[in-house]
Amino acid sequence: MASFKPVKVQTIPKLGERVTEDTLYWKNYKAPVQIKEFAAVTKIEFSPLPPHNYVVTASTRIQVYGPHSLEPVRTFTRFHDAAYGGSFRGDGKLLVAGSEEGLIRLFDTGGRVALRQFTGHSKAVHVTSFLSDGYRVLSGSDDLSSRVWDVASGTELNSYTEHTDYIRAAAASKLNPDLYVTGSYDHTVKLFDVRVGGSVMTMQHGHPVESVLLYPSEALLVSTGGRYVKVWDLLKGGQQLVSLKNHHKTVTCACLSTTDNKLLTGSLDRHVKVYNSSYKVVHNFDYATSILSLAVAPDDKVIAVGMTNGVLSVRHRKHTEEKQEVLGKRRRNPAYRVFIKGKNYVPKQDDFLVSKTVKQHLQKHDRQLKCFQVSKALDTALEVSICIWRRFHKPEVTVAVMTELNRRGTLKNALAGRDEQSLTTLLNFLIKYVCAHSHIHAREMTHEYINSNIIFILCISLNVILGDSNKLMRLLQRLMELLGREAELQQELLQVLGILDTLFASLTPRKEVTGPAVPPIMQGSQLQAA
Amino acid sequence: MVEESGIRVVRCGGNKISFRAPIISKDSRYEFLLCASGDLVKVFSTSTEECVHVLEGHTGQVTGVILNPTNHLQVYSCSADGTIRLWDFIDGILIKFFLAVSKSVFVSPENFQLVALHLPKVPEQEVEAREMSAVLCNISSNPGSTAMGRGGEYVASVMGRQLTVYFFKKLKTYRFSLKATDKKGAKNAFTCVACHPKDDCIATGHEDGKIRLWRNFNQKKEYTYSTQHWHHDAVGTLCFTTEGMHLLSGGVESVLVQWHCEEVNKKDFLPRLGGAISHICVSPDGQMYSTSHLDNKINIIHCSLKLSAVIQGLVKGNIWTDLMIDPRTRALVMNGRPGHLQFYSLQQDKQLYSLDIVQQEYINQEGLDQFEVMRAAFSVGGTWLATVEERGRCTSDLESSLKLWVYNEKAQSFELNTTITAAHQDRIMHMCFSPSTETTMLVTTAWDNQFKVWLLGLDSDTQKEHASWSCDYVGSYHGLQPTNCCFSSDGSLLAVSFKEVVTIWSSDTWELLTTLCQPPGPIRELCFGRLSCSKYLLGTTAKNLFCWNLLTCSLEWSTPMDVCLLRSDPLSENVVAFSLHSGNTDLFVFRPSEPRPLFTQKAVCGGKVQRCVFSPREEPLDSCDERFQWLNRSRLYFLTELMELLTFSTKAEDERILNSRKQLLVDDSVAVTPFYLLLGKHRQQQEEKQNSGVSQAADRVQPPQASVAIKELLHTPAHVLPAASFLCSMFVNSLLISNTGSRNLQEEKPFSFPLCSGTNGQICWLGM
């Protein structure tokens, strides 16, 4: 005896992005928390040490936030004009920032007053950073110079004016305290060696450089500027490895995630894109306005994004995995014995084995179809689709049941003897979904709908004539209208298809081939639907 | 001529086992089910579903089997060859042979008679039974419409709208007829009848699905009947259980309905058994039921309505797919149950398994348009299976889907990989896999004037190894309808026939390389040569057989011949062509390189050959005769118009089969029961002892108290022991001093006894 085969609900393959491990990883963030700053957030940086506080530079303030607090832990308001490039030292205890006035100030994260003040730049200092020994500070300024300062004495050690335009990006090497990279609006990225006393490498980015970034191995360098993100191989003497053009506006910031060193870039086009190791975009975050700064916490727990309208958006990673682990641990200890009970019993030679039959679980409409209660099955199926809870909203189930009834030749029976209300429900369902392109992604479904429903409509019209209800009549008219419009649309689409066909045919050099390789299912459904 | 050639056409299995009602019998250990299958009677074991014996001897279709009422280990079978045979089915030997009647009785097949045949008691093996008397005239040819009641007191038969009851003792006939139509226009005709074994009650089934229970039918006027109705279509068969507690009925719905005779409204159901139920039978002890289905299947059901075993033969319904050989199991693959593909082992004459393609509930209702598997194709290694299912063939709105199945090594079965709905806008006519090993490629041709190439795409992005099929190329040629497609043996060329034109495409670039045209008439079949003949392309039209050489792109040879089927052997260069010639089909075997055929046989079978397939042999034959060398590597199976599966068999092969055939014996190991544990071991020991040292006097004078078994027997609680009468003889025997001479006598006895047992006044059904 074969078991009852439930109605096959046709699932439509989701078009577009495919779900990969990366997508799942990057999707696993909570909804962003918005913190309003006074002006555009130009720089965000995470402290390398736990608890991974982050410093946010916006307007005249530099604020330090804790990883979970919405209120700043500490605020530095010593600047008279806009502050730029707030940056931690490697131990997270000191903080340096430049400003519009050309001053560079050094703070203790515990204190409030500036410990040091480096003067010497004649124009705004947009980038500051500690060198990896922690005793020197580098700065890049609009006066075309990049300088290195001594923290202990507060004096300027070196000054290089090799760039011919504003310096807006800099990155210090973590492995060598004497190396740092600067990017400038003169379209170049330069690698400086303090020991040599000048730049040792120059790379042509081709666009004003907005940010530079060194990979932890420091063999690769990322520069962003214009719509391009370029990766350079420093070990090969600054050879360009790859040039990415995935944003459609200037790429303003870039950072690396901790796991697998995935590259993230933020742009004025309001997107943050995540690249995999072969530099393909694997995920995309959308934001409300143009992005100026971006930072990822060292353990990927937090993604902080600063925008032009002064909003700091912070996303926290979901803790689901941990929770599950904890729960699993708590449950597993007693549960193991329960589950194993009787399972590991090996029957002896002369034991009589009685197997327990597994009960097949059926949906409600399947149970009704099994008993040939066609009318009830249709009711149940319609209930599913008009359910107010969106979670249980499954028009494809309704359609599947209708198709099944049609296949069984009992659609008429299921429709017979219905009152006005149930017919209204049915008609409303049809009106809603008869050309539901937007609701259900693929067009194939439409074909299915219409196909099964033509017979349907005929049946209903019979009923309506008998019922002679004004309300039903109106609904039916609306449905007819919709169908007419849909037919027109399909006709137009066919025309477009024809035009495209001729275009393709004229493009292909081969003479004999007549049909272009149009995705077949697409074409098929359109033709049939029309 | 056939004998001379040393080659003959033989039928290979696939006989209908549900043609007549089977019977269930039991010896001390095993239960057997006997059923008529072609001109054989097959004995199946109900527990293992294996065929344990084949009773061979009849020369015509076996039309009925019945147990010997006096010995449940013997069976009578009657056949269309006019003989009745008595068999011992445990050992599979013929005991008696009754030449029932002279052939002249069977002249008019329209008019069936029920005759009583007296089987004479004579010691000879071959007996001519002459004494017979007609009981009822003009009965239905269906044996289900005649039934014996209450230990043979009366016989009831239905025909049309009339029920006839004949009492043997009174020699009286009563006829009861129903009106032509009921009030609601129901069809009142009888379809089947069954008699209560203990009570005077007759159950009849009707075309409108009603069941009537007749009582008081031993008088003309005051008979009564009550009506039950559950079946929505005609009642196919009826059967009372042994004690008469229940009535079983079945029909097209394929639901076994168990009616309780006492409580009229109570019934139990066992649904979804398979095809329409054609026969139900009950074992003599009432423990087992069996239902025979039209799709060549017998279900064995426990009386608690639990399915216990399924015996499935070759399903021969409508066959739309080609005959195929599964490269893995070497099973024959074709349409099976509706919506399924069956994998049928040709060697074992047994269905291996049935693959559910449609995966939808089949509604057992006539006139319903349901999905059917129309095309199927295997890839070369058997890893991929492509199927096309269709619905709405008669109406305008065709629904079809192309499904691709991948073989899962772990699960040892095919799993659905990709479903493509509406792969083409019209019916798919033909499809084939590319034989090349690098790419997995499928080509489909359809009536929408296109052929499509499908490729297996591997996704490197995703972590999971999930490959699915997608369309790679759509081709057409001047808006003509493609009919056939065929890949060359290396997979580099694809030939697609468009009406009269054969187009050759390169499978790498999908460039049209050349066209071959040989009017008049559209191309019917297309086939590439293999191995050394791979440069040849064969094509057939209604009148001619063509062979093109693809190196020169010219016609090599052609011959006027109406070829209806063309197939190449995958293991050799040979190509087989069937040609219809004046009502008979002729067979030609040839190589594309030479137009002279290797082998021809006229009139292989009557009518048109529907399908054929080459099945590779497990071990090649080494036939030295040049004319039969084409049968060395593979075997040719073909399906005729009458749905008979035929094949060619050489003389050497026949002999080998005859020699190697061993009667399958029932496994002699005794079931391990507590009683066996007690006494069986002891007996074995004893036997061993007797065999080893019978002469040892010490053993013989062994005092009985020493026997451990008897001690055990005496110390076991009485309620766990079998009946005392059963144990008695054994017990006494064990106390006696054993003697070798007495054992021989015991063995002879069961053989001599049934031979002299009376078979008084047997009535056998001779409905043909």
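This is a conversation between a trainee and a mentor about a predicted model.

Mentor: The model is predicted, and local features need pLDDT of at least 70, side-chain atom pairs count only at pLDDT 80 or more, while totals for chains, interfaces and linings use all residues. Residues are numbered from 1 along each chain as its sequence is written, chains are lettered from A and ligands numbered from 1 in the order in which they are written, and side-chain values use heavy atoms, with hydrogens and water left out.

Trainee: Why is B:Arg20 called buried?

Mentor: Buried means under 20% relative accessible area, exposed means over 50%, and partly exposed lies in between, with a 1.4 Å probe and protein chains only. B:Arg20 has 9% relative accessibility, and therefore counts as buried. The residue sits in the loop between β1 (7-11) and β2 (23-26) of chain B, where helices (H or I, at least four residues) and strands (E, at least two) are DSSP runs, numbered from the N terminus. Its C-alpha is 9.3 Å from that of B:Asn142, although B:Arg20 and B:Asn142 are 122 residues apart in sequence.

Trainee: What makes B:Cys12 count as buried?

Mentor: B:Cys12 has 15% relative accessibility, so it counts as buried, and its place is also in the loop between β1 and β2 of chain B. Not counting residues up to four places away in sequence, B:Cys12 touches B:Tyr637, B:Leu645, B:Leu646 and B:Thr647, where contact means heavy atoms within 4.5 Å. For B:Leu646, the separation from B:Cys12 is 634 residues in sequence and 5.7 Å in space, C-alpha to C-alpha.

Trainee: How do you know whether A:Arg270 and A:Phe372 are buried, partly exposed or exposed?

Mentor: A:Arg270 has 41% relative accessibility and therefore counts as partly exposed, whereas A:Phe372 is exposed because its relative accessible area is 55%. A:Arg270 is found in the loop between β23 (263-267) and β24 (271-275) of chain A, and A:Phe372 in the loop between α3 (364-370) and α4 (374-386) of that chain.

Trainee: What makes the backbone at A:Arg270 and A:Phe372 worth a remark?

Mentor: Most residues other than glycine have a negative phi, and most peptide bonds are trans. A:Arg270 is not a glycine, yet has a positive phi of about 75°, and A:Phe372, again not a glycine, has a positive phi of about 60°. As to peptide bonds, the one from A:Pro50 to A:Pro51 is cis, with omega near 10°, and A:Pro51 lies in the loop between β2 (41-46) and β3 (54-58) of chain A.

Trainee: How do you know that the span of helix α5 of chain A agrees with its number of residues?

Mentor: The expected span of a helix is 1.5 Å times one less than its number of residues. The 14 residues of α5 (residues 395-408) should therefore span 20 Å, and the end C-alpha atoms are 20 Å apart, which agrees. Helix α5(A) is mostly covered, with 13 of its 14 residues buried, and is followed by A:Gly409, whose phi is positive, near 75°. Helix α7 (residues 420-433) of chain A also has 14 residues, and its expected 20 Å agrees with end C-alpha atoms 20 Å apart; its buried residues include A:Leu423, A:Leu426, A:Leu427 and A:Leu430.

Trainee: What makes a space in this structure a cavity, and how many are found?

Mentor: On a 1 Å grid over the protein atoms alone, a cavity is a set of points where a 1.4 Å probe fits but cannot get out, and lining residues have an atom within 4 Å of a point. Grid points are joined across faces, edges and corners, and a volume is the space filled by probe spheres set on the points. A search of the whole structure finds 3 cavities of 30 Å³ or more, and the largest holds about 80 Å³ of space. Of the 13 residues that line the largest cavity, the closest to its centre are B:Pro338, B:Gly339, B:Val358, B:Gln360 and B:Tyr362.

Trainee: Which parts of chain A carry the UniProt annotation "repeat: WD"?

Mentor: The unreviewed entry places it at residues 118-159 and 244-276 of chain A, in the numbering used here, with feature names shortened and annotations that may be inferred rather than shown by experiment. Residues 244-276 are 0% helix and 52% strand, and their end C-alpha atoms lie 12 Å apart.

Methods:
1 Å grid on protein atoms, 1.4 Å probe; cavity = no way out; pocket = protein on both sides within 12 Å on 5 of 7 lines; lining within 4 Å.
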